[in-house]
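Q: Please take a close look at the ligand site in this model. Which residues surround the ligand, and what lies elsewhere in the chain that deserves a look?

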Amino acid sequence: MSNEVPAMFDLTGRVAILTGGAGLLGRQYTRTLLEAGARVVVADVNAEIACSAAQAATAEVGGEAIGWGIDVRRKAEVEKMVTDVHERYQRVDILINNAAIDPKFDAGTAARQANTFEDYPLDLWQESLDVNLTGAFLCSQSVGKIMVAQQRGAIVNICSTYGVVAPDQRLYQRPGEAEQKLFKPAPYSVTKAGIAHLTRYLAAYWGDKGIRVNTLTPGGVYNSQDDDFVTKYAARTPLGRMARQNEMNGAMLFLVSDASSYMTGSNLVVDGGWTAW
Ligand SMILES: NC(=O)c1ccc[n+]([C@@H]2O[C@H](COP(=O)([O-])OP(=O)(O)OC[C@H]3O[C@@H](n4cnc5c(N)ncnc54)[C@H](O)[C@@H]3O)[C@@H](O)[C@H]2O)c1
(Lines give C-alpha, C1' and ligand atoms only; values in the text may rest on other atoms or scores of the structure.)
Protein backbone atom coordinates (compact mmCIF):
# COMPACT_ATOMS: atom_id res chain seq x y z
CA MET A 1 0.00 0.00 0.00
CA SER A 2 1.30 3.49 -0.80
CA ASN A 3 1.95 5.99 1.98
CA GLU A 4 0.77 8.93 -0.11
CA VAL A 5 -1.95 9.97 2.30
CA PRO A 6 0.17 10.36 5.48
CA ALA A 7 3.09 11.75 3.42
CA MET A 8 1.10 14.61 1.97
CA PHE A 9 0.26 15.89 5.47
CA ASP A 10 3.73 15.26 6.89
CA LEU A 11 5.59 18.39 8.08
CA THR A 12 8.70 16.65 9.42
CA GLY A 13 11.64 19.08 9.53
CA ARG A 14 9.58 22.12 8.54
CA VAL A 15 9.59 25.31 10.56
CA ALA A 16 6.35 27.17 11.25
CA ILE A 17 5.82 30.66 12.66
CA LEU A 18 2.37 31.01 14.19
CA THR A 19 1.30 34.48 15.32
CA GLY A 20 -1.29 34.71 18.07
CA GLY A 21 -0.03 31.24 18.94
CA ALA A 22 -1.00 31.49 22.61
CA GLY A 23 -4.67 32.19 21.89
CA LEU A 24 -7.64 29.84 21.81
CA LEU A 25 -7.10 28.53 18.27
CA GLY A 26 -3.34 29.16 18.25
CA ARG A 27 -2.92 26.52 20.99
CA GLN A 28 -4.89 24.09 18.85
CA TYR A 29 -2.81 24.81 15.75
CA THR A 30 0.43 24.41 17.72
CA ARG A 31 -0.50 20.88 18.79
CA THR A 32 -1.53 19.86 15.28
CA LEU A 33 1.63 21.31 13.70
CA LEU A 34 3.77 19.47 16.27
CA GLU A 35 1.91 16.21 15.71
CA ALA A 36 2.57 16.58 11.97
CA GLY A 37 6.31 16.93 12.70
CA ALA A 38 6.87 20.70 12.37
CA ARG A 39 9.00 22.81 14.67
CA VAL A 40 6.76 25.62 15.86
CA VAL A 41 7.45 29.22 16.87
CA VAL A 42 4.57 30.27 19.10
CA ALA A 43 4.65 34.04 18.60
CA ASP A 44 2.42 36.14 20.80
CA VAL A 45 2.42 39.56 22.39
CA ASN A 46 3.29 38.33 25.90
CA ALA A 47 6.58 36.37 25.92
CA GLU A 48 5.83 34.53 29.14
CA ILE A 49 2.42 33.34 27.94
CA ALA A 50 3.88 32.40 24.53
CA CYS A 51 6.60 30.31 26.21
CA SER A 52 4.19 28.57 28.55
CA ALA A 53 1.85 27.81 25.61
CA ALA A 54 4.79 26.30 23.71
CA GLN A 55 5.79 24.24 26.74
CA ALA A 56 2.25 23.04 27.37
CA ALA A 57 1.95 21.88 23.75
CA THR A 58 5.24 19.96 23.72
CA ALA A 59 4.46 18.42 27.11
CA GLU A 60 1.23 17.13 25.61
CA VAL A 61 2.27 15.93 22.17
CA GLY A 62 6.10 16.09 22.09
CA GLY A 63 8.22 17.73 19.40
CA GLU A 64 9.84 21.17 19.45
CA ALA A 65 8.04 24.46 20.04
CA ILE A 66 9.51 27.74 21.24
CA GLY A 67 7.65 30.75 22.59
CA TRP A 68 8.41 34.20 21.21
CA GLY A 69 7.23 37.55 22.58
CA ILE A 70 6.40 39.79 19.68
CA ASP A 71 4.05 42.64 18.85
CA VAL A 72 3.14 42.06 15.20
CA ARG A 73 2.56 45.81 14.75
CA ARG A 74 6.26 46.55 15.23
CA LYS A 75 8.37 46.06 12.11
CA ALA A 76 11.68 45.85 14.00
CA GLU A 77 10.34 43.15 16.35
CA VAL A 78 8.94 41.15 13.45
CA GLU A 79 12.19 41.36 11.50
CA LYS A 80 14.27 40.36 14.53
CA MET A 81 12.08 37.34 15.22
CA VAL A 82 12.20 36.17 11.61
CA THR A 83 15.97 36.71 11.36
CA ASP A 84 16.60 34.87 14.66
CA VAL A 85 14.32 31.98 13.69
CA HIS A 86 16.03 31.72 10.32
CA GLU A 87 19.49 31.76 11.92
CA ARG A 88 18.41 29.06 14.32
CA TYR A 89 16.77 26.68 11.83
CA GLN A 90 18.14 27.85 8.45
CA ARG A 91 14.62 27.78 7.01
CA VAL A 92 11.06 29.07 7.50
CA ASP A 93 8.49 26.96 5.69
CA ILE A 94 5.18 28.06 7.14
CA LEU A 95 3.68 31.35 8.34
CA ILE A 96 0.23 31.49 9.88
CA ASN A 97 -1.06 35.04 10.32
CA ASN A 98 -3.46 34.26 13.14
CA ALA A 99 -2.94 37.13 15.63
CA ALA A 100 -5.92 39.46 15.78
CA ILE A 101 -7.95 41.74 17.95
CA ASP A 102 -11.24 39.88 18.09
CA PRO A 103 -13.26 41.96 20.53
CA LYS A 104 -14.80 39.83 23.25
CA PHE A 105 -17.48 41.62 25.15
CA ASP A 106 -16.09 40.66 28.54
CA ALA A 107 -12.75 42.39 27.97
CA GLY A 108 -11.63 45.65 29.57
CA THR A 109 -12.62 47.66 26.53
CA ALA A 110 -16.03 45.93 26.32
CA ALA A 111 -18.24 49.00 26.57
CA ARG A 112 -16.23 50.89 23.95
CA GLN A 113 -15.78 47.86 21.67
CA ALA A 114 -19.50 47.11 21.60
CA ASN A 115 -20.40 50.68 20.71
CA THR A 116 -22.70 51.61 17.86
CA PHE A 117 -20.99 52.17 14.52
CA GLU A 118 -21.82 55.87 14.70
CA ASP A 119 -19.87 56.26 17.96
CA TYR A 120 -17.18 53.60 17.49
CA PRO A 121 -13.86 55.02 18.78
CA LEU A 122 -11.21 55.89 16.22
CA ASP A 123 -8.39 54.52 18.41
CA LEU A 124 -9.99 51.05 18.50
CA TRP A 125 -10.58 51.12 14.74
CA GLN A 126 -6.90 51.99 14.26
CA GLU A 127 -5.71 49.31 16.71
CA SER A 128 -7.58 46.58 14.82
CA LEU A 129 -6.18 47.77 11.50
CA ASP A 130 -2.68 47.76 12.99
CA VAL A 131 -2.85 44.25 14.47
CA ASN A 132 -5.15 42.41 12.07
CA LEU A 133 -3.91 43.84 8.79
CA THR A 134 -0.58 45.62 9.26
CA GLY A 135 0.65 42.76 11.46
CA ALA A 136 -0.05 40.25 8.68
CA PHE A 137 1.55 42.61 6.15
CA LEU A 138 4.76 42.93 8.21
CA CYS A 139 5.05 39.20 8.97
CA SER A 140 4.40 38.26 5.32
CA GLN A 141 6.95 40.81 4.15
CA SER A 142 9.66 39.56 6.47
CA VAL A 143 9.02 35.82 6.09
CA GLY A 144 8.41 36.35 2.36
CA LYS A 145 12.03 37.43 1.83
CA ILE A 146 13.21 34.09 3.19
CA MET A 147 10.60 32.12 1.27
CA VAL A 148 11.52 33.84 -1.99
CA ALA A 149 15.18 32.90 -1.42
CA GLN A 150 14.11 29.32 -0.60
CA GLN A 151 11.69 29.27 -3.57
CA ARG A 152 9.30 27.53 -1.22
CA GLY A 153 6.77 28.34 1.50
CA ALA A 154 3.15 28.25 2.62
CA ILE A 155 1.35 31.20 4.21
CA VAL A 156 -2.10 30.97 5.75
CA ASN A 157 -4.06 34.10 6.62
CA ILE A 158 -6.79 33.62 9.19
CA CYS A 159 -10.05 35.32 8.24
CA SER A 160 -13.57 34.95 9.71
CA THR A 161 -17.05 34.44 8.36
CA TYR A 162 -17.48 38.11 9.27
CA GLY A 163 -14.88 38.93 6.63
CA VAL A 164 -16.99 37.08 4.04
CA VAL A 165 -20.43 38.31 5.06
CA ALA A 166 -21.43 41.07 7.48
CA PRO A 167 -22.09 40.17 11.12
CA ASP A 168 -25.69 39.37 11.94
CA GLN A 169 -26.02 41.96 14.71
CA ARG A 170 -29.22 40.33 16.03
CA LEU A 171 -26.98 37.73 17.70
CA TYR A 172 -25.56 40.40 19.98
CA GLN A 173 -28.88 41.79 21.19
CA ARG A 174 -29.53 40.71 24.77
CA PRO A 175 -32.93 39.19 25.64
CA GLY A 176 -35.53 41.77 26.66
CA GLU A 177 -33.33 44.67 25.60
CA ALA A 178 -35.44 47.52 24.20
CA GLU A 179 -32.51 49.16 22.47
CA GLN A 180 -29.54 47.03 21.34
CA LYS A 181 -26.29 47.91 23.14
CA LEU A 182 -23.76 45.33 21.90
CA PHE A 183 -22.53 45.22 18.30
CA LYS A 184 -19.78 43.25 16.59
CA PRO A 185 -17.55 46.14 15.56
CA ALA A 186 -16.82 47.23 12.00
CA PRO A 187 -13.00 46.98 12.04
CA TYR A 188 -13.13 43.26 12.79
CA SER A 189 -15.17 42.56 9.63
CA VAL A 190 -13.29 45.03 7.50
CA THR A 191 -9.82 43.81 8.48
CA LYS A 192 -10.88 40.20 7.95
CA ALA A 193 -12.14 41.05 4.46
CA GLY A 194 -8.81 42.80 3.90
CA ILE A 195 -6.72 39.82 4.95
CA ALA A 196 -8.56 37.59 2.45
CA HIS A 197 -7.54 40.02 -0.25
CA LEU A 198 -3.95 40.17 1.01
CA THR A 199 -4.03 36.42 0.34
CA ARG A 200 -5.07 36.94 -3.30
CA TYR A 201 -2.54 39.71 -3.80
CA LEU A 202 0.37 37.65 -2.43
CA ALA A 203 -0.71 34.42 -4.14
CA ALA A 204 -0.59 36.19 -7.49
CA TYR A 205 2.59 38.10 -6.61
CA TRP A 206 4.56 35.04 -5.44
CA GLY A 207 2.95 32.40 -7.67
CA ASP A 208 6.17 31.88 -9.63
CA LYS A 209 8.33 31.77 -6.48
CA GLY A 210 7.00 28.52 -5.03
CA ILE A 211 5.10 30.33 -2.29
CA ARG A 212 1.46 29.42 -1.76
CA VAL A 213 -0.83 31.79 0.12
CA ASN A 214 -4.33 30.81 1.24
CA THR A 215 -7.01 31.97 3.63
CA LEU A 216 -8.65 29.89 6.34
CA THR A 217 -12.04 31.21 7.37
CA PRO A 218 -13.32 29.82 10.68
CA GLY A 219 -16.89 30.16 11.82
CA GLY A 220 -17.75 30.84 15.46
CA VAL A 221 -15.95 28.54 17.89
CA TYR A 222 -17.66 27.56 21.14
CA ASN A 223 -15.84 29.03 24.13
CA SER A 224 -18.43 29.23 26.92
CA GLN A 225 -20.45 32.00 25.26
CA ASP A 226 -23.79 32.60 26.97
CA ASP A 227 -26.74 30.33 26.20
CA ASP A 228 -28.75 32.97 24.37
CA PHE A 229 -25.89 33.65 21.95
CA VAL A 230 -25.17 29.94 21.41
CA THR A 231 -28.84 29.19 20.69
CA LYS A 232 -29.12 32.04 18.20
CA TYR A 233 -25.81 31.07 16.58
CA ALA A 234 -26.90 27.44 16.21
CA ALA A 235 -30.23 28.43 14.66
CA ARG A 236 -28.37 30.57 12.12
CA THR A 237 -26.03 27.67 11.11
CA PRO A 238 -26.95 24.78 8.77
CA LEU A 239 -25.03 22.28 10.95
CA GLY A 240 -27.00 23.59 13.93
CA ARG A 241 -24.11 24.33 16.29
CA MET A 242 -20.95 26.34 16.87
CA ALA A 243 -17.58 24.81 15.96
CA ARG A 244 -15.64 22.74 18.46
CA GLN A 245 -12.21 24.15 19.28
CA ASN A 246 -10.36 21.42 17.35
CA GLU A 247 -12.46 21.66 14.19
CA MET A 248 -10.17 24.10 12.35
CA ASN A 249 -7.09 21.91 12.76
CA GLY A 250 -7.67 19.66 9.74
CA ALA A 251 -8.20 22.60 7.39
CA MET A 252 -5.13 24.40 8.77
CA LEU A 253 -2.96 21.29 8.29
CA PHE A 254 -4.32 20.83 4.77
CA LEU A 255 -3.39 24.40 3.82
CA VAL A 256 0.16 24.37 5.24
CA SER A 257 1.05 20.90 3.92
CA ASP A 258 1.69 19.38 0.50
CA ALA A 259 -1.89 18.07 0.54
CA SER A 260 -2.87 21.49 -0.88
CA SER A 261 0.11 21.79 -3.25
CA TYR A 262 -2.02 23.05 -6.19
CA MET A 263 -3.99 25.54 -4.09
CA THR A 264 -3.15 29.21 -3.81
CA GLY A 265 -5.12 32.43 -3.51
CA SER A 266 -8.10 30.52 -2.16
CA ASN A 267 -10.33 30.73 0.86
CA LEU A 268 -11.17 27.56 2.76
CA VAL A 269 -14.36 28.25 4.71
CA VAL A 270 -15.02 26.08 7.79
CA ASP A 271 -18.22 27.56 9.14
CA GLY A 272 -20.83 24.81 9.51
CA GLY A 273 -22.54 26.34 6.48
CA TRP A 274 -23.04 29.83 7.98
CA THR A 275 -22.21 31.59 4.70
CA ALA A 276 -24.18 29.08 2.57
CA TRP A 277 -27.60 30.62 3.18
N1 LIG B 1 -12.61 31.99 17.96
C2 LIG B 1 -13.46 32.17 16.98
O3 LIG B 1 -14.67 31.90 17.10
C4 LIG B 1 -12.98 32.69 15.64
C5 LIG B 1 -13.88 32.70 14.58
C6 LIG B 1 -13.46 33.20 13.35
C7 LIG B 1 -12.15 33.66 13.21
N8 LIG B 1 -11.31 33.63 14.26
C9 LIG B 1 -9.95 34.14 14.05
O10 LIG B 1 -9.01 33.16 14.48
C11 LIG B 1 -7.86 33.80 14.99
C12 LIG B 1 -7.60 33.28 16.40
O13 LIG B 1 -8.75 33.52 17.19
P14 LIG B 1 -8.83 33.12 18.72
O15 LIG B 1 -10.24 32.84 19.04
O16 LIG B 1 -7.78 32.11 19.03
O17 LIG B 1 -8.48 34.52 19.38
P18 LIG B 1 -7.64 34.82 20.69
O19 LIG B 1 -8.01 36.22 21.09
O20 LIG B 1 -7.80 33.72 21.69
O21 LIG B 1 -6.14 34.78 20.15
C22 LIG B 1 -5.57 35.84 19.45
C23 LIG B 1 -4.14 35.95 19.92
O24 LIG B 1 -3.52 37.05 19.24
C25 LIG B 1 -2.66 37.68 20.14
N26 LIG B 1 -2.37 39.06 19.76
C27 LIG B 1 -3.21 40.13 19.84
N28 LIG B 1 -2.57 41.24 19.47
C29 LIG B 1 -1.30 40.88 19.15
C30 LIG B 1 -0.16 41.59 18.70
N31 LIG B 1 -0.19 42.92 18.55
N32 LIG B 1 0.98 40.90 18.46
C33 LIG B 1 1.02 39.55 18.64
N34 LIG B 1 -0.03 38.83 19.08
C35 LIG B 1 -1.18 39.49 19.32
C36 LIG B 1 -3.39 37.62 21.47
O37 LIG B 1 -2.50 37.81 22.57
C38 LIG B 1 -4.02 36.24 21.42
O39 LIG B 1 -3.22 35.26 22.05
C40 LIG B 1 -8.11 35.29 14.93
O41 LIG B 1 -7.55 35.81 13.75
C42 LIG B 1 -9.62 35.38 14.87
O43 LIG B 1 -10.06 36.55 14.24
C44 LIG B 1 -11.68 33.15 15.47
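A: Bear in mind that this is a predicted model. Start with the ligand. Its shell holds 25 residues. The closest are Leu25, Asp44, Tyr188, Lys192 and Val221.

Now the polar contacts. The side chain of Asp44 has an N or O atom 2.6 Å from an oxygen atom of the ligand. For the side chain of Tyr188, the distance to a ligand oxygen atom is 2.6 Å. Asp71 pairs with a nitrogen atom of the ligand instead: an N or O atom of its side chain lies 2.9 Å away. On its own, the ligand has 820 Å² of accessible area, and the protein covers 86% of that. Two elements give two or more residues to the shell: α2 (24-35) and α7 (186-205).

What is the make-up of the shell, by nonpolar, polar and charged residues? Nonpolar residues number 14. Six are polar and five are charged.

Next, helix α3, residues 47-61. Its 15 residues, at 1.5 Å a residue, should span 21 Å. The end C-alpha atoms are 21 Å apart, so the model agrees with that expectation. Which residues of α3 are buried? They are Ala50, Ala53, Ala54 and Ala57. These four cover an arc of only 100 degrees around the axis, and therefore sit on the same side of α3. The general rule helps here. An α-helix has 3.6 residues a turn, so residues three or four places apart point the same way. The other side of α3 carries exposed residues: Glu48, Gln55 and Ala59. For α3, then, buried alanines lie on one side, and exposed residues lie on the other.

Two loop residues round off the tour. Gln90 is not a glycine, yet its phi is positive, at about 65 degrees. Gln90 belongs to the loop between α4 (75-89) and β4 (94-97). Is Gln90 buried or exposed? Its relative accessible area is 59%, over the 50% cut-off, so Gln90 is exposed.

Gln151 also has a positive phi, of about 60 degrees, although it is not a glycine. Its place is the loop between α6 (122-150) and β5 (153-158). With a relative accessible area of 44%, Gln151 is partly exposed.

Conventions
Residues are numbered from 1 along each chain as its sequence is written. This is a predicted model: local features need pLDDT of at least 70, side-chain atom pairs count only at pLDDT 80 or more; totals for chains, interfaces and linings use all residues. Side-chain values use heavy atoms; hydrogens and water are left out. A residue is near a molecule or strand if one of its heavy atoms lies within 4 Å of it. A polar contact is a pair of N or O atoms within 3.5 Å; within protein, one must be able to donate a hydrogen and the other to accept it, and residues adjacent in sequence count only if both atoms are side-chain atoms. Accessible areas come from the Shrake-Rupley method with a 1.4 Å probe; for residues, only the protein chains shown count as cover. Ala, Val, Leu, Ile, Met, Phe, Trp, Tyr, Cys and Pro count as nonpolar, Asp, Glu, Lys and Arg as charged, and the others, Gly among them, as polar. Buried means under 20% relative accessible area, exposed over 50%, partly exposed in between (1.4 Å probe, protein chains only). The expected span of a helix is 1.5 Å times one less than its number of residues. The arc is that of the directions from the helix axis to the C-beta atoms.
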